[in-house]
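Let's take a friendly walk through this structure together. Keep the viewer open as you read.

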Amino acid sequence: MARVLVVSLNYRTAEMTLRSVRAALQAMQGMDAELVIVDNDSGDGSFERIEQALATEDWAQGAPVRLLQSGVNGGFGAGNNLGIRAGMRDGSTPDYVYLLNSDAFPARDAIRRLYDHLETHPEAGFAGSYIHGEDGAPHVTAFRFPSIWSELEGAMRFGPVSRALRQKSVPIGVPGATRRVDWLAGASIMMRQGVLDEIGLFDETFFLYFEETDLCLRAARAGYETHYVRDSEVAHIGSVSTGMKKWQRIPGFWLDSRWHYFSKNHGRGYAALATLMHALGGAFWRLRVLVQGKPPADPAHFLRDLILHDTKALVRPLPERREAVRPPVGVAAKAQAE
């Protein structure tokens, strides 16, 4: 049986992470799989709380689980890269890597379903789950790659334009069956280690957001498909670590990530055009807000922040890619005996 490495990234959500890890360990039963928890330098006692749980709680005794401390919070991609590079307990590399958000809880067969799908679909490099809330409501996690047209459509929010550009819209909706997609949210996604060896791990220039989009695009350009697997079901709370649902103003790291995605993959000219299209669509929407009394749909000053940020980004050098952070010597792993 092929081996699976499960990576769980924690940032200041120790209890939630432990709950997610318990669900993952149940879903891993019968598989040749190990789990590594990476604490992304939470600094709030999370590492110590998880370490204590692994040492003392009954469910963790003999479980194939380890704990790593990143030493610095380099973002979502850097934290997951650290877990992926840690490999299996014996130092070897797995056949598959499964990323699970700390606020996601796989059904008992969810991981096995992704594994079986990749085993029987060699054309697929990545496979992700159907995600739903704890109330059972489906989450939109299957997407098309962003483009200048998706920027216009998404910002304009105008029915006739959305219908004309329906094949360009980034969200696909909630597919009713397993299918190929462009990219998937990273809450529950399994990846072939061989594909990662070929295309590389997450680009750590992205602190948060767009890193999964970029990775799936690199896989697609290398000839590998990304599949949405409907019968792999995972409950997900969402935005627990990032606080996205409570943003009053768009954070700079989101703007940095968006610009980096477009400029890296399509060039600076295309990135500038994408921003122009978003500005046109956004201006049209704001006119409707004024005339029709529609409620605002973006964080405060979003369009202004976007235009100012990208104007500056257009004339400054691209940020250099950061290397993955490795755990400090002596804090590399806290393992429970198998």
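Is F262 buried or exposed? With a relative accessibility of 1%, F262 counts as buried, since the cut-off for that label is under 20% relative accessible area. Please keep in mind throughout that this is a predicted model.

F262 has aromatic company, so to speak: F210, W254, Y261, F262, Y270 and F302 form one aromatic cluster. Across the whole structure, a search finds 11 aromatic pairs. Take F210 and Y261: their ring centres are 5.9 Å apart and their planes meet at 35 degrees, so this pair is tilted. The two partners come from distant parts of the chain, 51 residues apart, with F210 in the loop between α7 (193–199) and α8 (211–221) and Y261 in helix α9. Then look at Y261 and F262, whose ring centres lie 5.6 Å apart; their planes are at 70 degrees, so that pair is edge-to-face. Both partners of the tilted pair are buried as well: F210 has a relative accessibility of 14%, and Y261 has a relative accessible area of 0%.

Stay with helix α9 for a moment, because S263 is found there too and is buried, at a relative accessible area of 6%. What does the side chain of S263 have at 2.8 Å from one of its polar atoms? The backbone oxygen of W259 lies at that distance. A general point about helices helps here: an α-helix has 3.6 residues a turn, so residues three or four places apart point the same way.

Now zoom out to the nonpolar packing. The largest nonpolar core has 55 residues, and those with the most contacts inside it are I84, L99, F126, M191 and L196. Helix α9 (residues 252–266) gives this core its largest share, five residues. A second core of 38 residues is separate, and its members include I50, A53, A63 and A110.

I84 also leads us to helix α3 (residues 76–86). Nine of the 11 residues of α3 are buried, so this helix is largely enclosed by the rest of the structure. I84 is one of those buried residues, and others among them are F76, N80, N81 and L82. Just after α3 comes G87, which takes a positive phi of about 65 degrees.

Next, turn to strand β1 (residues 3–10). Why is β1 described as largely enclosed by the rest of the structure? Seven of its eight residues are buried, so that description follows. Strand β1 runs parallel to β2 (residues 32–39), and eight bridges join the two. Within that pairing, V6 has L35 as its bridge partner in β2. To get from β1 to β2 the chain passes through helix α1 (residues 14–27), and this β-α-β crossover is right-handed. Strand β1 is also joined to β4 (residues 96–101), again in parallel, by six bridges. There, S8 stands opposite L100 in β4. As a reminder, in a regular strand the side chains alternate between the two faces of the sheet.

Finally, two arginines are worth a look for their charge-over-ring arrangements. The charged end of R19 sits over the ring of F105, 3.9 Å from the ring centre. Likewise, the charged end of R157 sits over the ring of W285, at 5.2 Å from its centre.

Notes
Residues are numbered from 1 along each chain as its sequence is written. This is a predicted model: local features need pLDDT of at least 70, side-chain atom pairs count only at pLDDT 80 or more; totals for chains, interfaces and linings use all residues. Side-chain values use heavy atoms; hydrogens and water are left out. Buried means under 20% relative accessible area, exposed over 50%, partly exposed in between (1.4 Å probe, protein chains only). Helices (H or I, at least four residues) and strands (E, at least two) are DSSP runs, numbered from the N terminus. Two strands pair if DSSP finds at least two bridges between them. A crossover is right-handed if, with the strands pointing away from the viewer, the path from the first strand over the helix to the second runs clockwise. A nonpolar core is a set of buried Ala, Val, Leu, Ile, Met, Phe, Trp, Tyr and Cys residues joined through side-chain atoms within 4.5 Å. Rings of Phe, Tyr and Trp (its six-membered ring) pair if their centres lie within 6.5 Å; planes under 30 degrees apart count as stacked, over 60 as edge-to-face and the rest as tilted. A charge sits over a ring if NZ of Lys or CZ of Arg is within 6 Å of the ring centre and within 35 degrees of the ring normal. A polar contact is a pair of N or O atoms within 3.5 Å; within protein, one must be able to donate a hydrogen and the other to accept it, and residues adjacent in sequence count only if both atoms are side-chain atoms.
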